[in-house]
Amino acid sequence: MGNFFNEIARELEGGNPVMLVSILTAAGSTPRGAGAMMAVFRDGRSCGTIGGGNVEYECQKLGHTLLDAGRSAIRAFRFTPGQAADLGMVCGGDVTVHFHCLCGGEPDLAGLFRRAGAAERNNENAWLVRRLEGETVTRLLLVTPTSMAEGLPAELLGERAVWTQGADSWFAVPVARAGRVYIFGAGHVSAALEPLLERLGFRTVIYDDRPEFADPKRFRGAEQVICGSFEALGERLTLGPDDYVVVMTRGHQADYEVLAQTLRSGARYFGCIGSRRKLSLCRERLLAAGFTDGDYQRLHAPIGLDIGAETPEEIALSVAAELVAVRAGKLS
């Protein structure tokens, strides 16, 4: 998302208007859900996506028309053939789309989108919040935990986009999520997992005790690659409630060391790779060390969604899918 907002900021700084196209609501089978965004530029380019296909094509055309007129709008599109405003698609859903005309040359507006792009780099939760009067945006805010605005409905600042309709209408989209994925162990599965997570918008930290594996050249997309002892994680790391712990070390002892130091950290997710036999031994050691069944139940073990994965790349896919499900609130 950072590049998306920085591209909008560049256009605005150059004095060019931008049409910000956002899905307000989505029902039934639709390519993208509420909160998906696309920017349409005067020179014909666009960035971001609201799902591709006909809906995106039609919204790009309408976005250019509205941009030339300097207008904002709300439009509904249906994916069921034969109905008014349908798109000739058979998905069986519908979307409500907001077209927000952003005026170029306004430093405060460009700065807001620059801050949105920086929120991800700063490991800070952030929401783009708009107040709507009809089709017109009367207030545009970037809200973070350190820059909360008074008078905002509490339900706006959650994991998903929210549109509160009525006399006082608000639309909020989470645009940056705090938290990192800490991958302990830098073997073949980790090497396949890290670039996949980067493409999915996760920030990663790799940790291993072997210098030849904890090599930044093997993990070019990672935010940090650390070589250190598994027995002294607290000297190098501090985990928070938005973080994810992925345990993929080379053996049972290192797995135990990592879990014993992180399982009560309050991190959002814990997962450990390995056979059921190895995981059973690890559980016995944790219980003997004073951990409870409740502590252990927080651990996703074996890690990843059950898709029959066998190769490192397939296992990485299953783990990435599980992390996406947790981030989306589908798993805990």
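Two strands count as paired where DSSP finds at least two bridges between them. In this predicted model, strands β13 and β14 meet that condition: 4 bridges join β13 to β14, and the two run parallel. One of the bridge partnerships links V247 to C272 in β14. Strands of a sheet pair through backbone hydrogen bonds, in either the parallel or the antiparallel sense.

Strand β14 is flanked by buried side chains. Y269 and G271 point one way from β14. F270 and C272 point the other way. All four residues are buried. Y269 also takes part in an aromatic pair. The structure holds 6 aromatic pairs. The rings of Y244 and Y269 have their centres 6.2 Å apart and their planes at 45 degrees, so this pair is tilted. The pair links distant parts of the chain, with Y244 in strand β13 (residues 244-247) and Y269 in strand β14 (residues 269-272), 25 residues apart. Both Y244 and Y269 are buried.

Strands β13 and β14 also help to cover a helix. In α5 (residues 252-262), the buried residues are A254, D255, Y256, E257, V258, L259 and T262. Their cover includes β10 (181-184), β13, β14, α6 (276-288) and β15 (299-300).

A further aromatic group involves the start of the chain. F4, F5 and F113 form one aromatic cluster. A pair of aromatic rings is described by the distance of the centres and the angle of the planes. For F4 and F5, the ring centres lie 5.2 Å apart and the planes stand at 70 degrees, so the pair is edge-to-face. F4 is buried, with a relative accessible area of 9%. F5 is buried as well, at 0% relative accessibility.

Two arginines sit over aromatic faces. R210 lies over the face of F213, at 3.8 Å from the ring centre. R283 lies over the face of Y296, at 6.0 Å from the ring centre.

An open sheet is formed by 4 strands in the order β7-β6-β9-β8, with antiparallel pairing. Its edge strands are β7 (136-143) and β8 (162-164), each of which pairs on one side only. From one strand to the next, the twist averages 15 degrees. Strand β6 (residues 126-133) pairs with β7 in the antiparallel sense over 7 bridges. Within this pairing, L132 stands opposite V137 in β7. Helix α3 (residues 107-121) packs on the sheet and touches β6, β7 and β9 (169-176). The direction of α3 makes about 40 degrees with that of β7.

Strand β5 (residues 94-102) is mostly covered, with 8 of its 9 residues buried. Two antiparallel pairings involve β5. Strand β1 (residues 18-27) pairs with β5 over 9 bridges, and V18 stands opposite L102 in β5. Strand β4 (residues 73-78) is joined to β5 by 6 bridges. In that second pairing, R78 has D94 of β5 as its bridge partner.

The cysteines were examined next. A search of the whole structure finds 0 disulfides. C47 is in no disulfide, and the nearest cysteine sulfur, that of C59, is 15 Å away. C47 is buried, with a relative accessible area of 16%. C101 is likewise in no disulfide. Its nearest cysteine sulfur, that of C103, is 5.4 Å away. A disulfide requires cysteine sulfur atoms within 2.5 Å, and the C101 distance of 5.4 Å does not satisfy that cut-off. C101 counts as buried, at 14% relative accessibility.

One serine completes the account. S318 is found in helix α8 (residues 312-327). At 4% relative accessibility, S318 counts as buried, because the limit for buried is under 20%. Leaving aside its neighbours within four places in sequence, S318 is in contact with G304, L305, I307 and A309.

Terms used
Residues are numbered from 1 along each chain as its sequence is written. This is a predicted model: local features need pLDDT of at least 70, side-chain atom pairs count only at pLDDT 80 or more; totals for chains, interfaces and linings use all residues. Side-chain values use heavy atoms; hydrogens and water are left out. Rings of Phe, Tyr and Trp (its six-membered ring) pair if their centres lie within 6.5 Å; planes under 30 degrees apart count as stacked, over 60 as edge-to-face and the rest as tilted. Buried means under 20% relative accessible area, exposed over 50%, partly exposed in between (1.4 Å probe, protein chains only). A charge sits over a ring if NZ of Lys or CZ of Arg is within 6 Å of the ring centre and within 35 degrees of the ring normal. Axes are lines fitted to C-alpha atoms, for helices over the stretch in contact, and angles run from 0 to 180 degrees between N-to-C directions. Contact means heavy atoms within 4.5 Å.
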